[in-house]
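Reader: I've got a structure open and I'm a bit lost. Could you walk me through how to read it?

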Amino acid sequence: MISEIYSVFSPSGREEKMREYIADKISGIFDKVESDNFGNLVARSGNGDFCIECSMDSCGIMIVHIEDGKAYFAGVGGINAEYLIGKKILFCDNSIGIVRYDGKTPNEAKVSDLYLECDSSNLKIGDFGVVKSGYCETGDKMFANGLGSKIGLAAVLETLTKFEKIDNLCVLFSSQKRLGARGIQAFLGANEFDKIITVEGVADKSIKACALVVADRNGVCNTDFKDELEKVIDNIAVTDDDLCMGNITASGKGAKCAALGIPVSHKDKNFECVKKTDFFSGADYLKEVIENLQNKR
Amino acid sequence: MLKKLTESFGVSGYEMPVADIIYEEVKKFCTDIKFDNMGNLKVFKRSKTELPPKVLLSAHMDEVGLIITDVTEEGYFKFASVGGIDPKVLIAQRVNVNGLKGVISTKAVHLTTAEERKQNLSEDKLYIDIGAKDKNEAQKVAKPGDYCVFDSKYTEFGNQIKAKALDDRIGCAIMIEILKKDWPVDLYCNFTVQEEVGLRGARVASRGINPDYAVVIEGTTCNDLPGVEANLRVTKIGAGPAISILDSASKGNEELIALLEKSATRHNIPYQFKASTAGGNDAGTICITDGGIKTASLSVPCRYIHSPVCVMNKSDFENCRRLIEVFLEDMGKDGKIND
Amino acid sequence: MEILKKLADNSGISGYENEFAKSLQKMLESYCSQVEINKTGSVVANFRNYDDNKKTILLEAHLDRIGLVVSEILENGFLKFKALGGVDDRTLPASEIYVLGKESIFGVIGALPPHLKSGSSDDGFVKIQDMMIDTGFSKEELKDKISVGDPVLLKCEFCELLGSRVSSAALDNRAGIAAILCALDMLKTEDLKYNIKIAFTVGEELGLLGARTIDCEDVDLAIVVDVTHGKTPDAKPEGTFVLGSGAIICRGPNLDFGITKKVIETAEKQGILHDIEVSAGNTGTNAWVIQTLEQGIRCVLLSIPLRYMHTAVETIDTDDVKSVAKLIAECVKGGDLLA
């Protein structure tokens, strides 16, 4: 399943294929699975006040200009020009393009200096593309371009699909997280929770195993919530990365927020890496958290 | 009306003069008009039909300008820009300070060295000169915290119009025209404040409406000048209003964009797409309000935006208005079902 | 001054405000009818009686202070940490701290001496990632005392300097809270034309977090109290204020134009020392968030000049705290702030 997730086309703002994929995978587990006006996918059972969040989207590109068989583009989400050179870009209809740079200094290249070598007759301004993930595994390691952006989603799906039925939980598959947690803000503006766990990849090198992140760049986890979760996840960490904890604690009516961080190495470089042990321990932690919630009812 | 609007004074945080002009005009044909606590002007026009869809149109009243930060002993004003202004466009410009004229410049070129001429000036090195003899005289005219705007007259030339504040008096003018007529939708028109300092008024003004669709009417960058690479031009003057797909603040809702395209094609109105992901407007705060609103932006291309000599094409302006009008008419016919 | 000392000696680090919030709740109970801690940890209260027919003024100040948080416990009992809020890391080496874990333990921040570091030739300032806290314990001994995620307090006790000047860590924003408490003291027996609500919010230093979730449904005006930059020999004269300048009143898009003018007039009429600060956009205070809550909230920002912001040796003039308190009291008493 993990490799499937990385082959589903879902750049920020164009996650419709991912919504379909997820809805299919978790069919029957929740009372209701639907999209909201913003494009988030929300799976919900019961009226409980606990929410698990992960994002559906990955960074990508958008075509801005086509001329002489070359397609020029802008970045969607934070994307580095040098990293893009020579990459294979996938479009919604499975056609491809290769990123080219004709200059002499790749480390100084800007996105506007690059272009796609592709079949431009099929493309138009506003088409979105993603870097082909090239997901592969060896031993304990998983590799892919952009592995980190959907690793939270992969862990959540890995966990959810182990349940036949879940009561008393809301799962937010959020849209446009790479563009500034927009889906989260839209959703929390209209839905109130007491506790939220966000599941994300963390690039912070000091976090060496799957961890409960209790403080990120802009947010801190409430001490009571931390104590509760520590019974399940005993590896505690803090990070300077932005895992949206601040935004989540302050959106809508406010909530307690913690992050489940899955370490990602070589982030934003070719073939990011996640260790399977970290991934599966993350999924196990989530499973236990959900089971505890079920038993509370 | 566009002339009156662009020549009026309305910097982010002090939009009252513009709001008053709009209010005086709109009250001639609308009754449901409200100001909120931020100064947003919200107008509602009920549909002429039963069970209508709800549409929100939004344009901001504020323009980029300057705010006085200090008065020097010799009677010059130090200032900061409100909203994004490139300091280069400020040099040798005239401004309007509380009704009086002032000039911004630096020392004469004859008094500069070659080194100095190469450097870019930052705004903290610039000052406004109103001809005051000293601090006392200057303070009678304006104090720190008072606002200034560019001194730029509305001028028609060729097929184009030059004015300050086309961003976004264009949107305001179009909305006023639209409010004159009746529509088969429940129409909400928000004239918002403080867009230029962070899309702030729209965040408040769009709450509690829950429209089926929201369209932001704006002025946007146009860089279609000789010497600019084709992929950096963003929009083209004369090619019609531009629909934004993705910018730094929001992603245009596909369903709504498709409806706009459909109406444009059906009624033969030219349009283009904004070929860039840069910039941002009120759609950014509207689209995440109240659980999410389907929002898109329709903009008139403006050369030299955020400068005293903003330039747009008359037919782009007309076509933008026409496109909104046929969109509203079509909404009434097709409802909110997409085919 | 006593109140200020008491407030400054409390921890209440951003994200870990619980205990301080409870102390503030107790302090406020002697002035206020209902004092609660809301869902996100901020202290909110109604001062004296609440009358549905009266308009409501909110007095707001953030209660959190910057600090550090333990990120790793090293083999030899040294601790790595990261900042909570905008800590100036140049000021950290040679600091005394307390780790607030199950036990409160004393520690010292040293650093790798530059001549022992491998080859980096920067300006000599040590980066926070390379700093460590020396606890004097071994990792084993620390196991039951502290853990990763515990907050770290920058120790610096309140001390009096010459005249009415004082220095302490956390004067940002305990000075603001003190000003509000003094104002409440002055208003204890007055006949009030307005309801007064108080909010001491959390998480401001992390990104104006607490202000986003205060209940402002009935608030007609918010007076936000914070600190601003005091003049020092090495800082630009614009935007910094001599200690002793009084209450610094801010003008700009974030603040209500008309009401701020009335506040300035009140200060002039009542002979309260004051000066004007100008902010062209984001004031960097909770006023930025509060202005766009609900249907928009009119804001006024009063600040106390403070030198060496975000260090352990913040310095103010307590007379300025009194000026702010007096200005708040006079404005609220006057009854014509909100026409």
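Author: Sure! Keep in mind that this is a predicted model. Let's start with a helix and a sheet in chain A: helix H6 (residues 223-230) of chain A lies across E13, E14, E15 and E16 of chain A, and H6 runs at about 45° to E16(A).

Reader: Which other helix lies across E13 and E16 of chain A?

Author: That's helix H4 (residues 147-160) of chain A, which also crosses strand E3 (50-55) and strand E12 (169-174). Its angle to E13(A) is about 125°.

Reader: How do I read the sheet itself?

Author: Here's the general idea: strands of a sheet pair through backbone hydrogen bonds, and they do so either parallel or antiparallel. In chain A, eight strands make an open sheet with mixed pairing, in the order E1-E2-E12-E3-E13-E16-E14-E15.

Reader: Which strands are at the edges?

Author: Strand E1 (32-35) and strand E15 (236-238) of chain A, each pairing on one side only. From one strand to the next, the twist averages 25°.

Reader: Can you show me one pair up close?

Author: Take strand E14 (residues 211-215) and strand E16 (residues 256-263) of chain A: they run antiparallel and are joined by three bridges. Look for Leu212(A), which stands opposite Leu260(A) in E16(A).

Reader: Now for chain C. How is chain C divided into domains?

Author: The domain assignment gives domain 1 (2-65 + 169-334) and domain 2 (67-154). Their C-alpha centres lie 32 Å apart. Twelve residues of domain 1 of chain C contact twelve residues of domain 2 of chain C, and the domain 1 side has five nonpolar, five polar and two charged residues.

Reader: Why are H4(C) and H7(C) called oblique to each other?

Author: Helix H4 (residues 171-187) and helix H7 (residues 318-334) of chain C pack at about 45°, with axes 8 Å apart. Angles under 35 degrees count as roughly parallel and 65 to 115 as roughly perpendicular, so H4(C) and H7(C) are oblique. Their crossing is right-handed. Among the residues that meet there are Ala175(C) and Met186(C) in H4(C), and Val321(C) and Ile328(C) in H7(C). By class, this contact has 13 nonpolar, no polar and one charged residues.

Reader: And how many residues does each chain bring to the contact of C with A?

Author: Chain C brings 20 and chain A brings 17. On the chain C side, strand E4 (67-73) and strand E5 (78-84) each give two or more residues. The largest share, three residues, comes from E4(C). That side divides into six nonpolar, ten polar and four charged residues.

Note on methods:
Residues are numbered from 1 along each chain as its sequence is written. Chains are lettered from A and ligands numbered from 1 in the order in which they are written. This is a predicted model: local features need pLDDT of at least 70, side-chain atom pairs count only at pLDDT 80 or more; totals for chains, interfaces and linings use all residues. Domain bounds come from an automatic or database domain assignment. Two residues are in contact if their C-beta atoms, placed from the backbone, lie within 7 Å. Ala, Val, Leu, Ile, Met, Phe, Trp, Tyr, Cys and Pro count as nonpolar, Asp, Glu, Lys and Arg as charged, and the others, Gly among them, as polar. Axes are lines fitted to C-alpha atoms, for helices over the stretch in contact, and angles run from 0 to 180 degrees between N-to-C directions. Helices (H or I, at least four residues) and strands (E, at least two) are DSSP runs, numbered from the N terminus. Angles under 35 degrees count as roughly parallel, over 145 as roughly antiparallel, 65 to 115 as roughly perpendicular and the rest as oblique. A crossing is left-handed if the near helix is turned anticlockwise from the far one by less than a right angle, and right-handed if clockwise. Two strands pair if DSSP finds at least two bridges between them.
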